[in-house]
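Q: Please take a close look at a single part of this model, and set it in the context of the whole chain. I would like one connected account rather than a list.

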Amino acid sequence: MPELDGGSARAKINDVLFKAVNLRKMAPLFAKLGRIGRAHDKTPGQVALAWVRSRPGIVPIPGAKRPAQSEENAAAAGVGTALSVERF
């Protein structure tokens, strides 16, 4: 994948998403993902991926640059249906 230039749509989205003010706003969600993950021996990313998978009609396509990331993504399948939308 080519490096993102400052004018690409993806770079612009990342600029907004990862601003300190937005990260602070998302901190409660990150904390909740962490708590649920610890309860299921999963990472916050696995919990988030399992939640997306639980949504009707949604098929997530997680990305990975390294084999370990692919393994982590695959392990999200083991979270199961214990993570209902109501948990969030």
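**The third helix and its surroundings**

A: The accessible surface of the chain comes to about 6,500 Å², and carbon and sulfur atoms account for 60% of that area. The model is a predicted one. Its secondary structure consists of four helices and zero strands, and reading along the sequence gives the pattern α-α-α-α. Of the 88 residues in the chain, 15% are buried. As for contacts between residues at least 6 apart in sequence, 54% of them join residues at least 24 apart.

The part to look at is helix α3, which covers residues 44-54. Its buried residues are Q46, V47, L49 and A50. Viewed down the axis of α3, these buried residues fall within an arc of 165°, so they line one face of the helix. The general geometry is helpful here: an α-helix has 3.6 residues a turn, so residues three or four places apart point the same way. The buried residues of α3 pack against two other helices, namely α2 and α4, the latter running over 67-75.

One of the buried residues of α3 is a glutamine, Q46. Q46 has a relative accessible area of 7%, and it therefore counts as buried, the cut-off being under 20%. The side chain of Q46 also makes a polar contact: it reaches the backbone oxygen of E72 at 2.9 Å. E72 lies within the span 67-75 of α4, so this contact links α3 to a helix that the buried residues of α3 pack against.

Before α3 comes a loop that connects it to α2, and D41 is found in this loop. D41 has a positive phi of about 55°, although it is not a glycine. As background, most residues other than glycine have a negative phi. D41 has a relative accessibility of 69%, and it counts as exposed because the cut-off for that class is over 50%.

On the other side of that loop is α2, which spans residues 20-40. Two of its residues can be related in space to the start of α3. L29 is in helix α2, and its C-alpha atom is separated by 9.9 Å from that of P44, 15 residues away along the chain. F30 is also found in helix α2; F30 and G45 are 15 residues apart in sequence, with 9.5 Å between their C-alpha atoms.

L29 and F30 are both partly exposed: L29 has a relative accessibility of 43%, and F30 has 40%. Both belong to a nonpolar surface patch of about 550 Å², which is made by I13, L17, F18, L23, L29 and F30. The elements that give two or more residues to this patch are α1, residues 9-17, and α2. The largest share, three residues, comes from α2. I13, another member of the patch, has its place in helix α1.

To put the pieces together, α2 takes part in two settings. It is one of the helices against which the buried residues of α3 pack, and it gives three residues to the nonpolar patch. Helix α3, for its part, has its buried residues on one face, with Q46 among them and the side chain of Q46 at 2.9 Å from the backbone oxygen of E72.

Conventions. Residues numbered from 1 in each chain as written. Predicted model: local features only at pLDDT ≥ 70, side-chain atom pairs only at ≥ 80, totals over all residues. Heavy atoms only, no water. Patch = residues over 30% accessible without salt bridge, like charges linked within 9 Å, V, L, I, M, F, W, Y side chains within 5 Å. Areas by Shrake-Rupley, 256 points an atom, 1.4 Å probe, with all protein chains shown as cover. Salt bridge = Lys/Arg side-chain N within 4 Å of Asp/Glu carboxyl O. Buried < 20%, exposed > 50% of the residue type's maximum accessible area, 1.4 Å probe, protein only. Arc of directions from axis to C-beta. Contact = heavy atoms within 4.5 Å. Polar contact = N/O pair within 3.5 Å; in protein donor to acceptor, adjacent residues only side chain to side chain.
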